[in-house]
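This report describes the fold of a single chain, moving from its overall dimensions to its sheets, its core and one residue in a loop.

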Amino acid sequence: MTVIAHLSDLHFGAQKPVVREALLHVLTMEPPDVIAISGDLTQNATHREFVDGRAFLDRLRQPCLIVPGNHDIVGHRLIERFTRPYERWRRFVAEGLEPEWSDDNVVIRGVNSARPFGPYLNWSRGQFSPAQIAAIDRTGAARRSLVVVAHHPVVWGNDTDRDYDLVTRGEAMLAVLARQPRSIMLLGHRHRSHASLWNAEGGEREARGHMTARPGDVLIVHAGTACSDRLRGEANSWNRLGVCGEGVSVETCTFDGTRWTRVARLTLAWGSR
Ligand SMILES: [Fe+2]
C-alpha cells in the first residue's frame, strides 16, 4: 500500500496560518509515503509568496511532487509572463515543471497544465499539449497505478456554476489514461473536493462508497484548498489516498476549525484487468 497525501491550492499570500500549521502537524504525525501538490502554491506569484511557499515545502518530511497552477505564473508583469513565465518557479520550487516519483504500487507523473497565455480571453485556463499527452501514453506503469498530477479540471464533478474552463485536450488525456489498466488523476483549481470515474463510453459518474471499476475507467480526484482563505463553499481539505494492486481508497480530510477530520469517500476495486 502506498499512501499519497494529495494537497492543492495552498495559495501562499492568502494563507490561514492556523490551518497550515495543523496541516504540517498531521502530515508529521500520520506521514504519507509521498505528497502530491496539484498547483497554485502562490496567490500572485510574488517573490515573497514563493519564499514562503519554499519554506513550507522545506518543512515537509516526505518526498514531495508539485506542479504549477495558473496562480504560479506572474500576472502583472506581462513581459516576464510572456518571456520567462516559470522563472520564479524554477528559482524557488524546482528546475523541472513535471516531476516524477514511483514505487512498487504507483508511477506518479506531474503534468504542467498552466499556460502564460492562450487563444482565449481567460488566461487562467489550462492546456495539455499533444506532446504531454503522448508522453503519458508512453509511460510504462506495467501493473502499477499510473497517477497524473495536474492543476486544471478535466470534468465538472459536482460543479453547477462552472465559473472556469475545463483544461484544453482534457478528454484526449483521459482517453490515453483509459488505455492503462489502472489510472488516476489528482487535480485542483476548483477549491472543492470530489471524486469521479470517467469512461469513454459513459462519460463521468460520481465515485463514492464501495465501487468496482469497469474496464477503461479513470479515477479523477479533486482536492479542495488545503490551507488558504479562498474557500468556495467548503472548508479547507485535502485527500489521503491508499493505492495497492487491488484498488484505491480515498479519504477526504476536512478542517473543522481546530483539527482535521478524516472521512472515507471511496473504496474502489480495480476488478479483473
Ligand atoms: Fe487555486
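## Overall architecture

The model is a predicted one, and its chain contains six helices and 14 strands. Along the principal axes, the C-alpha trace extends over about 50 × 45 × 35 Å. The radius of gyration is 17 Å, which agrees with the value near 19 Å that a compact globule of 273 residues would have.

Of the 273 residues in the chain, 46% count as buried. Among contacts with a separation of 6 or more, 74% are made by residues 24 or more positions apart in the chain.

## The sheet from β4 to β9

Seven strands make up an open sheet whose order is β4-β5-β6-β7-β11-β8-β9, and the pairing within this sheet is mixed. Its edges are occupied by β4 (100-102) and β9 (203-206); each has a single partner strand, so one side of each is left without a neighbour in the sheet. From one strand to the next, the twist averages 20°.

Within this sheet, strand β8 (residues 194-199) and strand β11 (residues 218-222) run antiparallel and are joined by five bridges, with leucine 197 standing opposite leucine 219 in β11. Helix α6 (residues 170-178) lies across β6 (145-149), β7 (183-187), β8 and β11, and runs at about 130° to β11.

## The sheet from β3 to β10

Another open sheet of seven strands follows the order β3-β2-β1-β12-β13-β14-β10, and here too the pairing is mixed. The strands at its edges are β3 and β10 (209-212), each of which pairs on one side only. The twist from one strand to the next averages 20°.

The mixed character of the pairing can be followed at β14. Strand β14 (residues 260-269) runs parallel to β10, to which four bridges join it, and threonine 212 stands opposite alanine 269 in β14. With strand β13 (residues 247-255), by contrast, β14 pairs in the antiparallel sense over nine bridges, and valine 250 stands opposite leucine 266 in β14. The strands β13 and β14 form a hairpin with four residues between them, and glycine 257 in the turn has a positive phi of about 110°.

## The nonpolar core

In soluble globular proteins, nonpolar side chains tend to be buried together. The largest nonpolar core of this model has 64 residues, and those with the most contacts inside it are Val149, Met185, Leu219 and Ile220.

Leucine 219, when residues up to four places away in sequence are not counted, touches Ile184, Ala195, Leu197, Ala207, Val248 and Leu268. One of these residues, leucine 197, is also the residue that stands opposite leucine 219 in β11.

## Histidine 71

Histidine 71 is placed in the loop between β3 (64-67) and α3 (78-83). Is this loop residue, histidine 71, buried or exposed? It counts as buried, because 27 C-beta neighbours lie inside 10 Å, where 20 or more are required.

Leaving aside neighbours within four places in sequence, histidine 71 is in contact with His11, Asp40, Thr42, Gln43, Asn44 and Ala45. For one of these contacts, that with glutamine 43, the C-alpha to C-alpha distance from histidine 71 is 5.6 Å, although the two residues are 28 residues apart in sequence.

Conventions
Residues numbered from 1 in each chain as written. Predicted model: local features only at pLDDT ≥ 70, side-chain atom pairs only at ≥ 80, totals over all residues. Helix = DSSP H or I, 4+ residues; strand = E, 2+ residues; numbered from the N terminus. Buried ≥ 20, exposed ≤ 12 C-beta atoms within 10 Å, placed from the backbone. Contact = placed C-beta atoms within 7 Å. Core = buried A, V, L, I, M, F, W, Y, C linked by C-beta atoms within 7 Å. Rg over C-alpha atoms; globule rule 2.2 N^0.38 Å. Pairing = 2+ DSSP bridges. Axes fitted to C-alpha atoms, helices over the stretch in contact; angles between N-to-C directions.
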